[in-house]
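Trainee: Could you take me through a close look at one part of this model, and then connect that part to the rest of the chain? I would like the argument to be careful about what each value can support.

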Amino acid sequence: MNIDEAMDWVYNVRRFGPDRSLKPTRKYLELLGNPQNSFKTIHIGGTNGKGSTSAYIAAILEAAGYKVGLYTSPHLERFNERIKINGVEISDKDAAYLLTESRTIFEKLIAYPESMPLRFFDILTGVCFKYFEEQRVDYGVIEVGLGGRLDATNVIEPLVSVITNIGYEHVNILGPTLEDIAFEKAGIIKPHTPVVTGETKKNILQVFEKTAEEENTEVIQVSDYAEYERIKASPEGQVFNLETQREEYHGLKTPLLGIHQIINAATAVTAIETLEQYGITIPRQAIIKGVKKVYWPGRLEVVHHNPAIVLDCAKDAEATEAVRETIISDLNDRRIIAVVSMSSDKNIEGMIENIAAFADAFIITKHSVTYRAAEPERLISEITKYDKEYKVVLDHDEAFREAYEMAKPEDMVLVIGSVYLAGDARRFYASYFS
């Protein structure tokens with residue numbers, strides 16, 4: 001298959017299904033030669049911040065001179081973003097050939113007397129692991145796709161497991177309560193493998209500690225291990241001090257905006273320093289350089305000035321709350337036009353409440369994955385509670401154009417509510433301003 005044929009095939013593979021288990025995933029990887037065993041791994045789960053934390057960890061390891069594979073999801077603009085080595089995306093050629101190999105295995109497993117159907121994310125995970133093996137990476141920084149316990153990535157034996165935090169997400173799959181969700185996320189905790197968490201809620205920590213005790217390991221709580229102090233923030237980034245049980249870092253710089261990104265950086269540094277349990281010491285300068293050089297687009301990313309155009313992937317109430325805090329603290333000196341689309345299975349009431357706290361006007365649209373997008377009427381019913389100006393522009397490109405044309409040079413356009421919408425906006429504005 002060429003890349004177009006491969007993409008068409010894999011996107012038509014079922015994503016979810018009943019009776020989920022890791023048995024097909026393990027068999028698939030066995031037929032690939034168990035590539036996940038050829039490199040060291042760090043496993044990152046959680047509700048929000050796991051992608052940013054993964055990006056920080058990968059950047060630090062790369063700054064230390066290692067060849068580092070980074071596996072994240074979903075992508076913003078193109079499939080290849082999910083699989084990178086030292087910041088370079090997998091090529092179309094490599095993706096196509098590995099997907100072709102995976103399709104052969106997929107069809108073989110379906111034909112077994114006891115059929116073993118693979119899901120979309122199983123296939124992508126196998127492609128990633130095989131690619132990292134072939135490219136001989138030293139480390140794989142592996143982000144959980146969904147949940148943890150039954151996620152396709154949960155076949156690795158990492159040096160460190162990281163759980164950023166717990167919030168309400170995918171309750172139809174992971175369970176209705178935070179404790180249920182925490183149990184699923186805690187499934188990535190492995191025997192004798194330290195787990196680092198940025199979580200602070202006692203009821204959630206109790207779930208983690210129970211699982212860790214069963215696995216004969218420890219929970220390292222970032223708020224106990226490290227303290228941070230933000231020194232300065234601007235649209236160009238942040239400066240902060242970080243003191244851990246090992247080191248003091250003064251004047252750390254990160255291009256990522258928001259106090260939550262400093263927490264993610266502290267989580268990443270804690271995980272990196274935990275590697276010392278294995279005799280792996282990452283130099284202080286690599287940590288400083290990695291935090292400074294991290295690249296993670298679509299997270300309060302400024303893509304244009306005068307007016308400021310900012311893109312954010314916040315896709316649930318917890319993430320929009322973090323954006324709310326950042327905007328009000330650091331960027332609330334201008335009129336803000338929010339371009340919004342949200343997936344129908346999210347806490348739309350909570351998301352709109354957070355955005356309405358700083359937005360002066362809304363443009364309601366639909367992101368490109370239309371089958372998941374909430375209908376405009378549902379968003380309108382929430383926006384009207386806050387007496388905010390709004391209009392509906394269903395075509396997202398038209399919505400992005402209209403927001404830019406509405407904005408005065410001193411205003412800000414914020415695209416928010418969905419990873420898909422941020423990706424749509426990134427494509428549009430890159431072309432619009434070229």
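Mentor: What follows starts with one helix and its salt bridges, and then moves to other contacts, a surface patch and the enclosed spaces.

Please keep in mind throughout that this is a predicted model, and that the values below are computed from it.

Let us take helix α4 as the part to examine. R103 and E107 both lie in this helix, four residues apart, which is about one turn of the helix. Their side chains form a salt bridge, in which the closest N and O atoms are 3.2 Å apart. R103 counts as partly exposed because its relative accessibility is 29%, and E107 also counts as partly exposed, because its value is 44%. K108 is found in α4 as well, and with 45% relative accessibility K108 too counts as partly exposed. For a sense of distance across the model, the C-alpha atoms of K108 and P376 are separated by 44 Å, the two residues being 268 residues apart along the chain.

Just beyond the helix, the loop between α4 (92-110) and α5 (120-134) holds E114, whose partner K23 sits in helix α2 (residues 23-31), so that this pair links distant parts of the chain, 91 residues apart. The side chains of E114 and K23 meet in a salt bridge with an N to O distance of 4.0 Å. Since a salt bridge is counted when a side-chain nitrogen of Lys or Arg is within 4 Å of a carboxyl oxygen of Asp or Glu, it is worth reading the distance for this pair alongside that cut-off. E114 counts as exposed, because its relative accessibility is 57%.

These pairs belong to a wider set, for the count comes to 26 salt bridges. Another of them joins E349 and K385, with the closest N and O atoms 3.9 Å apart. Because E349 lies in helix α13 (residues 348-356) and K385 in the loop between α14 and β16, this pair ties together parts that are 36 residues apart in sequence. E349 is partly exposed, with a relative accessible area of 46%. Elsewhere, E77, E301 and R426 are linked in a network of salt bridges.

E349 also appears in the contacts of E382, a residue that lies in helix α14 (residues 376-383). Not counting residues up to four places away in sequence, E382 touches I348, E349 and I352. E382 counts as buried, because its relative accessibility is 12%, and the cut-off for that word is under 20%.

A second buried residue is T270, which is found in helix α10 (residues 259-274) and has a relative accessible area of 0%. Leaving aside its neighbours within four places in sequence, T270 is in contact with V196, I220, V222, Y225 and A226. L205 gives another distance for T270: their C-alpha atoms are separated by 17 Å, and the two residues are 65 residues apart along the chain.

On the surface, Y390, V392 and L394 form a nonpolar patch, with about 260 Å² of accessible area together. One of its members, V392, lies in strand β16 (residues 389-392), and V392 counts as partly exposed because its relative accessibility is 37%.

We can now turn to the empty space in the model. The second largest pocket holds about 270 Å³ of space. Its lining is made up of 16 residues, of which A59, E62, N86, G87 and Y295 lie nearest the centre of the pocket. At least two lining residues are supplied by each of α3 (50-63), β2 (68-71) and α11 (284-293), and α3 gives the most, with five residues.

As for enclosed space, the count comes to one cavity of 30 Å³ or more. The largest cavity has a volume of about 40 Å³, and its lining consists of A233, S234, P235, Q238, L257, G258, T326, D330 and L331. Two or more of these lining residues come from β9 (226-234) and likewise from α12 (317-331), with α12 giving the most, at three residues.

Definitions and conventions
Residues numbered from 1 in each chain as written. Predicted model: local features only at pLDDT ≥ 70, side-chain atom pairs only at ≥ 80, totals over all residues. Heavy atoms only, no water. Patch = residues over 30% accessible without salt bridge, like charges linked within 9 Å, V, L, I, M, F, W, Y side chains within 5 Å. Areas by Shrake-Rupley, 256 points an atom, 1.4 Å probe, with all protein chains shown as cover. Buried < 20%, exposed > 50% of the residue type's maximum accessible area, 1.4 Å probe, protein only. Contact = heavy atoms within 4.5 Å. 1 Å grid on protein atoms, 1.4 Å probe; cavity = no way out; pocket = protein on both sides within 12 Å on 5 of 7 lines; lining within 4 Å. Points joined across faces, edges and corners; volume = space filled by probe spheres on them.
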